[in-house]
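Thank you for making time for this today. I would like to walk through one structure with you slowly, so please keep the sequence and the picture in view as I talk.

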Amino acid sequence: MTLAHVRRLTTNLAEGLSGPGAPAAAQRLRRMLGARSVGLCDLNADLAWSGGSGDADAAAALIAEVLRTERNAAEGPVAAAPLIVDGALAGILLVDGPTPAKALKEAVRLIEHILDHGRLQDSAERAARSELRALRAEISPHFVYNALTVIASLVRSDPERSRELILDFADYARYSLARHGEYTTVADEFQAIETYLVLQRAVIGDRLRVQIRVTPDVLAVPLPYLVLQPLVENAIRHGIEAREGGGAINVHGEARDEDCVITIEDDGVGMDPAHAEAILAGKSTGSVGLSNVDRRLRTSYGSWYGLVVETERDAGTRVLVRVPLSQPGVLPS
C-alpha cells in the first residue's frame, strides 16, 4: 500500500462510509487488494460496490451476520470483516475474490484508522465550534447596552454621528455574532477590533487612547476567527476601565521569522502574574476569553503557539498572540 494510495483513500473517506467518496474508496481498495469486487457498508446497510456486486443475496446475508455478531464472516469467495472504531462497529468491508488474509487484515486496520482519525477530527471541530459559541456568550452585554445608550442619546443632538455609530454597531454585531468559518485573516480581525474600539471610545470618551499598527506582510495570514477582539475587550474591561483617568491600548502585528506575532498592550491596572497563569490554565475566572482563545490557538497550531501574558500589578498587561505565517491546509473561510 503506497503512501499515495493511503492519502487518496483518506480523502475518499473524509466523510465516512456514508459519504460521497465511499464508491471511490471501494474502487481504490479493489485495486489495492487485487480483488474482483470490494464493498463498503455503513451501519444502515447501505453498500458502495466497486467491480460489480456479484452475488447480492450472499452479500446481504453476510452484512446481516456481521451486523449481528460483529465478527468476520464468509460465504464462498465473498468475505466480510467488521470495521471497529473506538470499540464500536462502524461498518463492514466486503471482498469478493481470493485475497490473502494478511492483506485483508491490513486493509481493515487502515480503514479503521482513517475512520477513527475522521471521528477525532470531527470531534475537535465540534469542540472548537462549542468554544466559539461559549466565547460569543462572554462578549459583554454591558458594552452592548452602553453602546446603544450612547447612540440613542445622539439621535437628536448629533444625528450624523448617531448614524455612523449605528453602522459601526451593525458591523460589530455582524462580525461578533454571525456565523463564520473556522478561520479568517489578520486583516479582517484588525478591521473588527477597529470597529469595536470606535464604539468603545464613543462609550468611554477621551479616557481611552488607541494606537493600531500592522505591517502589510501579515494582513493575509489566516488565524482562528474571533481571536483579537476578546483580548482587546479584556484589556479595556480589566485594565483601562479599572484605572482612574483611563489609559491607552496599543495593538501591533508583525512578522517575526516564520511567525506572525500580534501584541495587545495596555497601561491599565495589571494583575498578579500567578493570577494570569491561573486564568490561562482555566483555573480562574474574571477575564474575557483568555483561556478560550489560548486553547483554540494551541489546538489549531500546536503547543508552541498561543498566548503569552506579561503583567504586573499597577504595570499594565501585554498579551502576545503567536501564529504561523502559513500552515498547509489552513485557509480563511
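Helix α8, residues 228-240, lies across strands β7, β9, β10, β11 and β12, and it runs at about 20° to β10. I should say straight away that what we are looking at is a predicted model, and everything I describe should be taken in that light.

The strands that α8 lies across bring us to a sheet, and you may ask in what order its strands are arranged. The sheet is open and has five strands, in the order β7-β9-β10-β12-β11, and its pairing is mixed. At the edges are β7, which covers 208-214, and β11, which covers 306-311, each of them pairing on one side only. From one strand to the next, the twist averages 15°.

Let me stay for a moment with the β11 edge, where β11 and β12, residues 317-324, run antiparallel and are joined by six bridges. If you want a place to put your finger on, Thr311 stands opposite Thr317 in β12.

Another helix belongs in this part of the picture, because I have so far described α8 alone: α10 lies across β11 and β12, running at about 140° to β11. Helix α10 takes in residues 290-301, 12 residues altogether, and reaches 17 Å from its first C-alpha to its last, which is close to the 16 Å expected at 1.5 Å a residue. Which residues of α10 are buried? They are Leu290, Ser291, Asn292, Val293, Asp294, Arg296, Leu297 and Tyr301. Just after α10 comes Gly302, which takes a positive phi of about 115°.

Let me set beside this another helix, α7, residues 186-204, which has 19 residues and reaches 26 Å from its first C-alpha to its last, close to the 27 Å expected at 1.5 Å a residue. The buried residues of α7 include Val186, Glu189, Phe190, Ile193, Tyr196, Leu197 and Gln200. As a reminder for anyone looking at such a list, an α-helix has 3.6 residues a turn, so residues three or four places apart point the same way. Just after α7, Gly205 takes a positive phi of about 80°.

Tyr196 deserves a second mention, since with Phe169 and Tyr172 it forms one aromatic cluster. In the structure as a whole there are four aromatic pairs.

Now I would like to turn to another sheet. This one is open as well, with five strands in the order β2-β1-β5-β4-β3, and its pairing is antiparallel. The strands β2, 47-50, and β3 stand at the edges with a single partner strand each, so one side of each is left without a neighbour in the sheet. The twist here averages 20° from one strand to the next. Helix α2, residues 22-33, lies across β1, which covers 37-41, and also across β2 and β5, and it runs at about 140° to β1.

Within this sheet, β4 is the strand I would ask you to follow. Is strand β4 enclosed by the rest of the structure or left open? Six of the eight residues of β4, residues 78-85, are buried, so the strand is largely enclosed by the rest of the structure.

Going from β4 towards the edge, we meet β3, residues 73-75, which runs antiparallel to β4 and is joined to it by three bridges. In that pairing, Ala73 has Ala80 of β4 as its bridge partner. The hairpin of β3 and β4 has two residues between the strands, and Gly76 takes a positive phi near 65° there.

Going the other way, β4 pairs with β5, residues 88-96, in the antiparallel sense over eight bridges. Ala80, whose partner in β3 we have just met, has Leu94 as its bridge partner in β5, and Pro82 stands opposite Ile92 in β5. The hairpin of β4 and β5 also has two residues between the strands, and in this one Asp86 takes a positive phi near 55°.

To finish, let me step back to the whole protein. How many helices and strands does its secondary structure come to? The count is 10 helices and 12 strands. Of the 333 residues in the protein, 44% are buried, and the accessible surface comes to about 17,100 Å², with 50% of it belonging to carbon and sulfur atoms. Lastly, if we take the contacts between residues at least 6 apart in sequence, 65% of them join residues at least 24 apart.

Definitions and conventions
Residues are numbered from 1 along each chain as its sequence is written. This is a predicted model: local features need pLDDT of at least 70, side-chain atom pairs count only at pLDDT 80 or more; totals for chains, interfaces and linings use all residues. Side-chain values use heavy atoms; hydrogens and water are left out. Helices (H or I, at least four residues) and strands (E, at least two) are DSSP runs, numbered from the N terminus. The expected span of a helix is 1.5 Å times one less than its number of residues. Buried means under 20% relative accessible area, exposed over 50%, partly exposed in between (1.4 Å probe, protein chains only). Contact means heavy atoms within 4.5 Å. Accessible areas come from the Shrake-Rupley method with a 1.4 Å probe; for residues, only the protein chains shown count as cover. Rings of Phe, Tyr and Trp (its six-membered ring) pair if their centres lie within 6.5 Å; planes under 30 degrees apart count as stacked, over 60 as edge-to-face and the rest as tilted. Two strands pair if DSSP finds at least two bridges between them. Axes are lines fitted to C-alpha atoms, for helices over the stretch in contact, and angles run from 0 to 180 degrees between N-to-C directions.
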